[in-house]
Amino acid sequence: MEVKIGAVGDKGVLELVALLRWLRTERQLSGLVRPEYRPAGPEDLSTGVLDVVSIAVGSGGVAVALAQSLTAWLKSRRPAVEFTITLPDGSRYRLGVTEEAVTQAAPIIEELLRQTGIGHGAGE
């Protein structure tokens, strides 16, 4: 099962590149993170554009690690970041996180993952 994270807004691709680099340094997520590209449009200067960061999550431990890592990444972003999370069941959520609300992101993300059966304690 995969969780896909996409960014929203003008700087979305730059934020996704930063997120991809961040998640790839996480030991618990090693080998589970990959970029997905969409074809470039006429205004793009490359052959493909980063569309989403995909994370393979099959156990609760990975889901918790993802939630914690994503929260830590959000804390490092200035200013606030807006992104989407697409869960394995196809449901999609748009989250806008301000500096003040970033500490609430991990429990929200963990709950979203738990509801699909991949959060901590589920399916193990």
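**Entry 1: the terms I start from**
I call a residue buried when its relative accessible area is under 20%, exposed when over 50%, and partly exposed in between (1.4 Å probe, protein chains only). The model I am reading is predicted, so I take local features only at pLDDT of at least 70 and side-chain atom pairs only at pLDDT 80 or more, while totals for chains, interfaces and linings use all residues. I count residues from 1 along each chain as its sequence is written, and side-chain values use heavy atoms, with hydrogens and water left out.

**Entry 2: the whole chain**
How many helices and strands does the protein chain have? I found three helices and five strands (DSSP runs numbered from the N terminus: H or I of at least four residues for a helix, E of at least two for a strand). Reading from the N terminus, I get the order β-α-β-β-α-β-β-α. The protein chain has 124 residues, and 41% of them count as buried. Next I looked at contacts (heavy atoms within 4.5 Å). Among those between residues at least 6 apart in sequence, 59% join residues at least 24 apart. That gave me a good reason to follow single residues across the chain.

**Entry 3: helix α1**
I checked the length of α1 first. Its 13 residues should span 18 Å at 1.5 Å a residue, and its end C-alpha atoms are indeed 18 Å apart, so the two values agree (the expected span is 1.5 Å times one less than the number of residues). Which residues of α1 are buried? My list reads G12, E15, L16, A18, L19, L20 and L23. V17 also sits in helix α1, but V17 is partly exposed, because its relative accessible area is 28%. I then took the distance from V17 to A7, ten residues away along the chain: their C-alpha atoms are 9.9 Å apart.

**Entry 4: S54 in β3**
Is S54 buried or exposed? S54 belongs to strand β3, and a relative accessible area of 1% means that S54 is buried. The side chain of S54 has a partner: a polar contact of 3.2 Å with the side chain of E2. (For a polar contact I need a pair of N or O atoms within 3.5 Å; within protein, one must be able to donate a hydrogen and the other to accept it, and residues adjacent in sequence count only if both atoms are side-chain atoms.) When I set aside neighbours within four places in sequence, S54 is in contact with E2, V3, K4, L32, V33, R34 and E36.

**Entry 5: two residues of α2**
My next stop was S69, which lies in helix α2, residues 60-76. S69 counts as buried because its relative accessibility is 2%. Which side chain does S69 meet in a polar contact? The partner is the side chain of W22, at 3.1 Å. Beyond the neighbours within four places in sequence, S69 is in contact with W22, L23, E26 and L29.

L66 is found in helix α2 too. With a relative accessible area of 1%, L66 is buried. Not counting residues up to four places away in sequence, I saw L66 touch V3, I5, L23, L29, I55, V57 and L113. I also compared L66 with I109: these two are 43 residues apart in sequence, and their C-alpha atoms are 8.7 Å apart in space.

**Entry 6: R38 in β2**
R38 took me to strand β2, residues 33-39. At 35% relative accessible area, R38 is partly exposed. From R38 I went to V49, eleven residues away along the chain, and found 5.4 Å between their C-alpha atoms.

**Entry 7: T103 in a loop**
Where is T103 found? I located T103 in the loop between β5 (92-97) and α3 (105-115). T103 counts as exposed because its relative accessibility is 52%. My last distance was from T103 to T71: the pair is 32 residues apart along the chain, with 7.0 Å between the C-alpha atoms.

**Entry 8: what I take away**
Three residues I looked up, S54, S69 and L66, are buried, so I list them together. R38 goes in my notes as partly exposed, and T103 as exposed.
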